[in-house]
Amino acid sequence: MAFVQNFPFLSILLSLFSGPLCSILSGKWAKRVNTGVIVTTGVMSAFVLQHVISTGQSYVYQMGHFPAPWGNEIRVGILEAFMACFFCAVMLLCMLGGIREREEQIQESKQNLYYVMVNLLLCSLLALIYTNDLFTAYVFVEINTISACGLIMIRQTGRTYEAAARYMIMSLSGSGLLLLGICYLYAVTGHLLMSNIREQVQFLAQTGQHHLSLMVALGLMSVGLAMKSALYPFHTWLPDAYGYSTLSSSAILSSLVSKGYIFLLIKIFCRVVGFNVVNESKVVNVLFVFGIIGMIMGSLSAIKENNLTRMIAYSSVAQIGYIYMGLGLATEAGIVAGLYHVLSHGATKALLFVAASGLGDASGNSDRFADITGAGLRNKLAGTAFLAGSLSMVGLPMFSGFISKFFFAQAAVGHAHKMFPTVIALALSTILNAVYFMKTVIRIYTPAPEGSVGGRQIGVWEQPAKSAALVCLILLNLILGLNSDPIVRLIQRGFEMFD
Amino acid sequence: MDAFLLIPIVLPMFFGALLLFFSFREKNTAPGGRRERARLCLYVSAVLGISVALALAAAWSGDRELVLFTLFEGVPVYFHVDALGRLFVTVVSLIWVLSALFAFVYMKHEGKEKRYYGFYLILYGVLVALDFSGNLVTMYLFYELTTLVSMPLVLHNGTREAVMAALKYLFYSMCGAYGGLFSVFFLYRYSDSLNFAPGGTLNQAAAQGHEGILLIAVFAALVGFGAKAGMVPLHAWLPTAHPVAPSPASAVLSGVIVKSGVLAVVRVVFYVAGTDFLQGTWVQYVWMTLALLTVFMGSMLAYREQIFKKRLAYSTVSQVSYIMFGLSLLTPDAFTGALLHVVVHAVVKCGLFLTAGVFVYRFGYTRAEELGGIGKKMPKTMWCYLLLSLTLVGIPPTGGFVSKWYLAEGALQSGTGVFSWLGPVVLLVSALLTAGYLLPIAMKGFFPGSEHLQGLEEPHGIEEPGEGAQAHSSRKALGPELSPAMLVPLVVLAALAVWLGVFPGPVSEYAARIATAVF
Amino acid sequence: MRIQYLLENYEEAVAMILFGIGFSNLLLQRNLIKKIIGLNIMDTAVYLFLALKGYISGRKAPVVEEGIQSVEAYINPIPSGLVLTGIVVSVSVTALMLSLTICLYRRYHTLDLDAISTQLKKEGK
């Protein structure tokens with residue numbers, strides 16, 4: 001066994017233990033440790049990715065060398081390593097972009113606690129990606145929830161407390177359902193490791209036993225995770241939670257946390273239950289329908305919103321809908337498109353949040369539409385970044401959003417029943433996206449009326465960290481948009497490794 | 001690989017962006033001094049001149065092609081110069097130069113010139129790229145960019161009305177573009193490649209059994225890209241957006257930008273889907289119906305409209321659908337006529353909008369009934385106007401006659417049942433209406449009758465409240481006739497319009513060659 | 001669906017009913033404390049269900065006493081382990097929720113989440 005194969009486990013462990021470590025450090029040192037941890041885990045994941053690509057097959061890492069039914073396992077394939085790498089990169093950029101906001105909005109004495117939460121969040125995301133054990137997945141889902149809640153409420157305003165409370169309530173209902181689903185599956189199959197459950201489920205599906213129980217378990221898990229990742233009817237907590245928390249939090253929450261749950265759901269579909277069984281069940285159709293409704297309703301709510309950050313938050317609802325629509329197609333192409341959209345949305349949404357805060361800086365820290373008029377002229381880089389993000393959302397070729405839309409459509413074309421709903425929903429949602437993003441772009445490039453207060457010029461070098469984050473995120477977006485071929489091939493190969 | 005193709009695309013974009021950068025830098029938007037303006041004009045004409053020369057050189061020196069990079073499997077960003085692209089690039093370049101010349105004088109009273117020229121230059125690069133596009137996705141990319149970059153020209157004066165018009169334009173174009181994208185999704189699946197090839201690239205074996213859905217896809221592309229060409233049902237943006245833009249901008253919008261919709265339709269129908277596939281299907285008939293409906297409706301609305309630029313915008317709606325109708329007939333003659341009409345209409349409508357600009361610039365006139373007696377004040381302008389109008393109506397020795405002749409000929413030969421005679425009838429009626437809404441202005445302009453003569457002494461209806469007084473005084477200082485920079489484009493355009501009718505040979509032969517390649 | 005199944009597996013049925021009670025309390029109650037109680041009922045119901053799955057009637061808890069090492073003597077220990085883990089998770093989540101509730105109560109002097117929302121809207125922040 002190569003030494004590099006220890007890296008996934010080590011990276012989980014590192015981020016887990018650096019959390020408590022941060023709680024006894026000062027804010028400044030905690031920040032350094034946190035940056036170090038994110039970079040280290042990112043580099044480790046990159047090594048793992050390189051290793052897995054070169055060997056061409058996934059491997060299972062047994063913790064403490066206990067064999068299957070007793071031990072806890074980590075499974076690493078191309079897709080897992082790639083996702084881990086991507087998540088680390090985006091998280092680093094989100095943290096980089098929000099340094100000043102964190103210093104302003106979080107109490108001096110609680111600075112270090114923020115990094116505790118971020119480290120734990122990173123740990124739980126990595127664990128969700130790598131784990132091969134359903135109950136471990138549940139535990140880390142809860143850790144993820146708790147740390148995400150911490151990220152929201154650390155700003156300590158009434159709004160964030162309320163948002164955190166609502167987030168917790170929705171999220172806990174979701175975890176309850178997930179846990180119940182896992183218990184069901186355990187009761188039916190008698191295993192907790194994903195590969196073992198899969199064997200049993202395939203056996204049961206062939207013999208036709210316990211059909212109802214399997215469907216119930218699948219449904220419970222899907223609904224639970226859908227609730228946690230803010231699929232349409234369960235999205236009510238999202239705009240408050242993303243809209244009022246501090247910048248790094250909203251960027252991380254929207255671009256990574258919900259994606260961790262979605263990745264887990266994809267794993268459950270493909271590795272736990274097995275694709276054929278999922279395909280037969282009606283659960284995917286339900287997800288498909290709600291995904292489509294979410295795409296439309298999210299955009300409609302975003303149009304009505306008159307606050308920039310909340311508008312972007314609502315647009316997340318729509319984008320999550322896209323991903324569920326891809327899952328709902330229940331074909332390999334659909335899931336690959338969904339996974340690509342996870343990347344694309346992760347990069348774009350982080351970009352938009354950071355850019356929006358940059359625009360807010362240039363408008364007297366307000367993100368109401370009335371105040372940000374002309375903000376793109378006052379803060380050029382943020383304006384450009386917002387423009388790039390908007391174009392990606394609208395689906396201009398060369399940006400990542402176009403590619404994922406194209407893949408969704410390609411996955412849908414030729415699908416027996418779902419072709420027309422998908423393509424029409426894509427059309428509607430693209431147009432709605434264009435309406436509210438282009439409206440905002442026009443507004444930020446319209447010179448502010450005479451005598452308006454609060455605006456000030458912001459140069460590129462005034463906040464070097466944020467500028468660097470913006471530039472990197474724009475580049476990430478362009479890379480995803482211009483260089484999609486190898487990435488998609490990677491996703492496809494990783495997806496094939498799932499079996 | 002032929003990097004030379006890239007230069008006329010990137011060059012104006014880069015220098016335009018540079019100009020924009022400087023325009024955003026400067027705090028006050030007050031018009032600069034004379035020398036500064038002269039420098040600006042020099043800069044713009046230098047950049048534009050070089051880019052146009054390079055673009056034409058690139059276009060007329062063989063079938064160049066260039067693969068920039070691969071977007072995803074089998075779909076690169078790919079440029080390829082072919083006969084159709086050459087024609088369009090030439091038209092675009094011509095209109096662009098003339099309209100820029102006009103703008104040098106005109107934009108003085110609109111202000112924010114740097115921003116205008118910045119977007120103007122970028123738009124030229126985008127349009128050249130659109131014409132050089134070698135596959136559907138590249139074309140889609142530059143089609144969207146055309147919308148995005150031309151939008152600032154519409155909202156130039158920044159009033160609420162202009163912004164709303166720009167948003168409407170954006171909304172319609174984006175909706176339409178999505179219709180196009182919709183067809184790309186399907187064509188990608190069922191064709192050999194998305195690269196343009198005369199006659200289409202549809203894969204018969206793969207498309208077998210999916211004709212229904214493919215027809216819907218092509219229809220979506222027609223309606224979608226038709227939005228930019230002002231075809232019913234997505235035509236409503238045109239009469240809103242064109243009048244609020246500054247006149248040189250409406251000239252290029254109406255002369256060239258709407259043609260990008262035509263180009264997109266030609267590319268989808270004749271270069272990807274193929275004519276055989278559409279011949280005799282419901283798509284063809286619906287397309288013909290929509291086009292004829294638009295021709296008639298546009299003319300009627302123009303006839304009733306009193307605001308001069310709005311009237312011209314409705315006229316664009318109607319005239320571009322002549323082109324659409326010609327394309328929809330799917331016969332070589334009609335196709336030739338359509339391409340001819342692209343050239344004729346670009347020249348004529350650009351000229352007409354520029355004359356409208358003259359009226360606004362010199363007198364602040366925007367309504368048709370205010371124009372009585374204007375021929376006495378500026379006879380040269382009015383003669384140009386008359387020639388251009390006659391061309392648009394299609395009176396024999398002008399370009400409009402030739403193109404309409406081909407269209408009618410094509411319709412009669414097309415064998416599309418009722419349409420083969422209904423088409424020419426509608427075209428004729430619409431031509432009469434065109435005469436009815438354009439010629440009275442010329443008549444009133446030259447022979448106003450007694451009651452108008454007094455009103456002429458003092459100009460009224462000034463459009464820019466802030467700069468009104470200043471503009472007013474500058475008008476008096478200008479003297480009775482136009483400055484050459486404004487007059488030259490008009491004269492050139494009018495001469496071209498007539499020349500196209502007297503010597504239609506080269507252009508019509510060129511168009512006919514494209515037609516034979518396509519069918 | 002025969003009623004007989006329900007009667008045979010009445011423990012599981014009870015667990016599910018409890019889960020339903022907890023779940024609806026968590027979502028529908030307006031009072032934050034009642035929500036937290038609902039959360040706990042829900043979690044406990046799942047643990048009850050899990051414990052039932054591991055229980056084999058007539059056997060003992062898996063603690064080796066009196067040197068009996070035969071597997072036949074004990075119940076399945078894995079669900080019990082899971083329940084223990086779950087309890088830890090649920091305790092921490094409950095603690096977090098309670099602390100949130102305290103924060104909210106100190107600020108707004110009410111436990112009703114909707115009332116807090118309306119108050120926030122009035123403040124207009």
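**Entry 1. Ser400(A)**

I started with Ser400(A), which is buried in this predicted model, its relative accessible area being 0%. I placed it in helix H18 of chain A, a run covering residues 400-412. I then looked for a polar partner and found the side chain of Ser344(A), 3.5 Å from the side chain of Ser400(A). Setting aside neighbours within four places in sequence, I listed the contacts of Ser400(A) as Tyr340(A), Ser344(A), Thr348(A), Ser392(A), Asn477(A), Leu480(A) and Gly481(A). Ser344(A) therefore appears both as the polar partner and in the contact list, where contact means heavy atoms within 4.5 Å.

**Entry 2. Thr422(A)**

I went on to Thr422(A) in helix H19 of chain A (residues 419-444). Is Thr422(A) buried or exposed? I found it buried, at a relative accessible area of 0%. Its side chain comes to 2.4 Å from the backbone oxygen of Lys418(A). Not counting residues up to four places away in sequence, I noted that Thr422(A) touches Phe288(A), Ile292(A), Met325(A), Leu329(A), Phe408(A) and Ala412(A).

**Entry 3. Salt bridges in chain A**

I counted salt bridges over all chains and got 21. One of them joins the side chains of Lys31(A) and Glu103(A), with N to O at 3.9 Å. Lys31(A) sits in helix H2 (residues 27-55) of chain A and Glu103(A) in helix H4 (residues 99-105) of chain A, so this pair ties together parts that are 72 residues apart in sequence. I checked the exposure of both partners. Lys31(A) counts as partly exposed at 23% relative accessibility, and Glu103(A) as partly exposed at 48%.

I then took Arg100(A) and Glu101(A), whose side chains form a salt bridge at 3.7 Å, N to O. Arg100(A) is partly exposed at 24% relative accessibility, whereas Glu101(A) is buried at 6%. The cut-off for buried is under 20%, so these two partners fall into separate classes. Which residues are linked with Arg100(A) in a network of salt bridges? I wrote down Glu101(A), Glu104(A), Asp361(A) and Lys466(A).

**Entry 4. A salt bridge in chain C**

In chain C I looked up Arg30(C) and found a salt bridge to Asp114(C), the closest N and O atoms being 3.6 Å apart. This pair links distant parts of the chain, 84 residues apart. Arg30(C) is in the loop between helix H2 (10-28) and helix H3 (32-54) of chain C, and Asp114(C) is in helix H5 (residues 113-123). I recorded both as partly exposed, Arg30(C) with a relative accessible area of 48% and Asp114(C) with 34%.

**Entry 5. Helix packing in chain B**

I moved to chain B for a helix pair: helix H3 (residues 83-106) against helix H10 (residues 247-273). The packing angle is about 170° and the axes lie 9 Å apart. That angle makes H3(B) roughly antiparallel to H10(B), because angles over 145 degrees count as such.

By class, I have 14 nonpolar, three polar and two charged residues in this contact. From H3(B) the contact includes Phe88(B), Trp96(B), Phe102(B) and Tyr106(B). From H10(B) I noted, among others, Val252(B), Val256(B), Leu263(B) and Tyr271(B). Lys259(B) and Arg267(B) of H10(B) are also in the contact.

**Entry 6. Thr316(B)**

Still in chain B, I checked Thr316(B) in helix H13 (residues 308-328). Thr316(B) counts as buried, at 0% relative accessibility. Leaving aside neighbours within four places in sequence, I found it in contact with Leu238(B), Ser254(B), Val258(B), His345(B), Lys349(B) and Phe353(B). I also took one distance: Thr316(B) and Val295(B) are 21 residues apart in sequence, and their C-alpha atoms are 9.4 Å apart.

**Entry 7. Arg489(A)**

Back in chain A, I looked up Arg489(A) in helix H21 (residues 484-497). Arg489(A) counts as partly exposed at 48% relative accessibility. From its C-alpha atom to that of Leu351(A), 138 residues apart along the chain, I got 25 Å.

**Entry 8. Chain contacts**

Last, I asked which chains have the most contacts between them. Two pairs of chains touch, and chains A and C have the most contacts. Chain B and chain C share no contact, and their closest C-alpha atoms lie 28 Å apart.

Notes. Residues are numbered from 1 along each chain as its sequence is written. Chains are lettered from A and ligands numbered from 1 in the order in which they are written. This is a predicted model: local features need pLDDT of at least 70, side-chain atom pairs count only at pLDDT 80 or more; totals for chains, interfaces and linings use all residues. Side-chain values use heavy atoms; hydrogens and water are left out. A salt bridge is a side-chain nitrogen of Lys or Arg within 4 Å of a carboxyl oxygen of Asp or Glu. Helices (H or I, at least four residues) and strands (E, at least two) are DSSP runs, numbered from the N terminus. Buried means under 20% relative accessible area, exposed over 50%, partly exposed in between (1.4 Å probe, protein chains only). Axes are lines fitted to C-alpha atoms, for helices over the stretch in contact, and angles run from 0 to 180 degrees between N-to-C directions. Angles under 35 degrees count as roughly parallel, over 145 as roughly antiparallel, 65 to 115 as roughly perpendicular and the rest as oblique. Ala, Val, Leu, Ile, Met, Phe, Trp, Tyr, Cys and Pro count as nonpolar, Asp, Glu, Lys and Arg as charged, and the others, Gly among them, as polar. A polar contact is a pair of N or O atoms within 3.5 Å; within protein, one must be able to donate a hydrogen and the other to accept it, and residues adjacent in sequence count only if both atoms are side-chain atoms.
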